[in-house]
Amino acid sequence: MSQAKEPGYKDLAIGGKILEAGNSEQYETGGWRTFRPVHDPEKCIHCLLCWIVCPDGAIIVKDGKWTGFDLKHCKGCGICAEECPPKVKAITMVKEEK
Amino acid sequence: MAKTLALTGNEAAAYAMMQINPDVVAAYPITPQTALMQKFADFVSDGDVDTELILVESEHSAMSATLGASAGGARAMTATAANGLALMWEIVYIAASNRLPIVMPVVNRALSAPINILCDHSDTMGARDSSWIQIYSENAQEAYHNTIQAIRIAEHPDVLLPVMVTLDGFIISHGMEDVVILEKPEVQKFVGEYSPHYPLLDADKPVSYGPIDFHDYYFEHKKPQVDAMETAVGVIQQIGQEFSSLCGREYGLFETYRMDDAEMAVVVLGSTAGTARYVVDSLRQQGVRAGLLKLRVFRPFPAAEIAEAFGQVKALAVLDRAISFGAHGGPLFMEICSALYNAHLHIPVLNFIYGLGGRAAEIENIEEVFTRLQKAVQTGKVDQAINYLNLRE
């Protein structure tokens with residue numbers, strides 16, 4: 001979230017309009033986490049339910065398989081762990097070390 | 001050829017809207033604005049405009065839909081009054097902060113409670129901090145002219161702020177006058193094509209409106225609105241000059257009447273200026289050096305220009321058709337005092353709150369104001385700053 005030099009009011013688009021598409025990716029919210037998701041590849045059935053429900057699009061999927069968490073944007077809400085099917089529970093939420 | 005029609009203020013404003021031919025109008029009825037939108041709705045159903053008219057369920061929705069249309073890239077307008085303006089309050093601020101050039105006639109009516117449908121300025125005065133430009137009309141002709149000019153003012157690339165054009169409820173809105181209506185092609189040429197600033201409906205340049213803004217950026221998004229208001233002072237005058245070649249009269253920040261050698265003057269907004277002018281004339285016949293300043297542009301408040309206009313006046317009376325409860329004087333009084341103080345002009349200023357809830361401003365009321373002014377000129381002092389005209393104690 002910190003930047004080298006913050007722009008002055010004359011450098012900004014008026015009305016707070018955002019002129020780039022999809023640039024919310026540049027805003028890293030990973031630092032907000034207090035819990036981090038941990039994945040167990042042995043248990044995962046790649047149902048991709050976690051990917052469907054993640055509010056931040058922080059589940060990385062490739063070729064129809066879970067491949068990782070985007071820890072720069074994961075806010076640690078734990079919805080993925082909650083929604084992982086009861087008989088699978090491949091994701092656990094682990095407290096972030098300071 | 002321009003033609004003269006007998007029109008009410010509401011009809012005149014509706015004619016202006018028809019000739020502007022906005023892309024979208026979203027509106028909800030409220031007395032005394034209802035007839036304005038009814039007239040415009042007639043133009044829509046008669047096919048005189050291409051406007052998409054959206055009849056929404058409340059004024060909050062009216063401004064929301066108008067804002068959405070404007071952000072999408074449409075030239076969008078609406079109209080309201082009193083509690084209707086109050087109901088759309090949050091969106092009014094949002095429209096201005098999103099820098100959308102919406103033009104909205106507001107038919108001045110008292111805010112409830114108790115319910116009063118008649119004229120006073122409490123509604124638009126309540127919105128004076130919203131970052132909307134506010135232009136006050138004295139009569140139906142001005143309501144027509146101001147609405148047309150407002151489009152160019154709002155859409156000016158160095159302004160990009162929405163504009164409220166006021167007309168006094170019932171007095172102007174329902175009073176019939178001779179109104180000179182321009183030819184539609186002239187108005188179309190004057191307002192020109194709308195060139196939206198980063199419209200949402202541009203798939204090649206995707207943009208987002210109204211994001212979250214934390215403590216580290218919000219302030220930097222507000223300052224440009226201040227700058228735009230300052231720029232608007234010059235733009236309003238420039239548009240007024242350009243429009244004068246169409247309509248044959250001058251439009252500026254305010255109008256002075258017999259001010260050149262005036263010893264005392266009254267400052268007023270709206271239709272009461274007509275009555276005040278009559279009183280000035282009758283006093284002048286008695287040798288009293290009376291003058292009048294009719295303010296047209298309340299926001300941005302032209303402080304420097306106003307202070308200059310009062311150079312040699314010895315006492316001023318400011319008429320406020322609204323109260324700011326708990327404040328030291330009415331809204332216009334406070335602005336005038338601030339302007340004078342900052343220009344180091346120590347003129348005695350009297351405030352008269354008048355006409356609330358449609359109480360008529362009679363000739364004898366204005367005469368009473370000038371009698372008090374004459375006393376202030378003689379003594380060089382203010383006996384009582386805040387006064388209430390024609391109030392039963």
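**Exercise 1. A proline and its loop**

Where is the place of P32(B) in chain B? Then describe the peptide bond that leads into P32(B), and find a second bond of this kind.

*Solution.* The model is a predicted one, and the place of P32(B) in it is the loop between β2 and α2 of chain B. The next step is to look at the bond itself: the peptide bond that runs from T31(B) to P32(B) is cis, and its omega is near 0°. The second case is the bond joining R299(B) and P300(B), which is also cis with omega about 0°; P300(B) lies in the loop between β12 (297-299) and α11 (303-309) of chain B. As background, most peptide bonds are trans.

**Exercise 2. Helix α2 of chain B**

Check the length of helix α2 of chain B, and then determine which of its residues are buried and how they are placed around the axis.

*Solution.* Begin with the length: α2(B) covers residues 34-45, and at 1.5 Å a residue its 12 residues should span 16 Å, which agrees with the 16 Å between its end C-alpha atoms. Turning to burial, the buried residues of α2(B) are L36(B), M37(B) and F40(B). Because these residues cover an arc of only 85° around the axis, they lie on the same side of α2(B). What covers them includes α1 (9-20), β2 (24-27) and β5 (103-108) of chain B. Finally, α2(B) is followed by G47(B), whose phi is positive, near 75°.

**Exercise 3. Two positive phi values**

Compare the surroundings of D63(A) and A82(B), and decide for each whether the residue is buried or exposed.

*Solution.* As background, most residues other than glycine have a negative phi. D63(A) has a positive phi near 50°, and its place is in the loop between β2 (59-62) and β3 (65-69) of chain A. Counting around D63(A) gives 6 other C-beta atoms within 10 Å, so D63(A) is exposed. A82(B) likewise has a positive phi, near 35°, but A82(B) lies in helix α4 (residues 82-87) of chain B. Here the count is 30 other C-beta atoms within 10 Å, and A82(B) is therefore buried.

**Exercise 4. The build of chain A**

Give the order of elements in chain A, and explain why chain A is described as more spread out than a compact globule.

*Solution.* Chain A has two helices and four strands, and from the N terminus on they run β-α-β-β-α-β. The radius of gyration of chain A is 17 Å, well over the 13 Å that the globule rule gives for 98 residues, so chain A is more spread out than a compact globule. Along its principal axes, the C-alpha trace of chain A spans about 55 × 35 × 20 Å, and buried residues make up 15% of the 98 residues.

**Exercise 5. Contacts between chains and between domains**

Describe the contact of chain A with chain B, and then the contact of the domains of chain B.

*Solution.* In the first contact, 11 residues of chain A meet 16 residues of chain B, and the side belonging to chain A has six nonpolar, three polar and two charged residues. Within chain B, the assignment gives domain 1 (3-247) and domain 2 (254-388), whose C-alpha centres lie 28 Å apart. Their contact takes 26 residues from domain 1 of chain B and 20 residues from domain 2 of chain B. On the side of domain 1 that touches domain 2, the largest share, five residues, comes from α9(B). The residues of that side divide into 15 nonpolar, six polar and five charged.

Key: Residues numbered from 1 in each chain as written. Chains lettered and ligands numbered in written order. Predicted model: local features only at pLDDT ≥ 70, side-chain atom pairs only at ≥ 80, totals over all residues. Expected span 1.5 Å × (residues − 1). Buried ≥ 20, exposed ≤ 12 C-beta atoms within 10 Å, placed from the backbone. Arc of directions from axis to C-beta. Contact = placed C-beta atoms within 7 Å. Nonpolar A, V, L, I, M, F, W, Y, C, P; charged D, E, K, R; others polar. Rg over C-alpha atoms; globule rule 2.2 N^0.38 Å. Domains from an automatic or database assignment.
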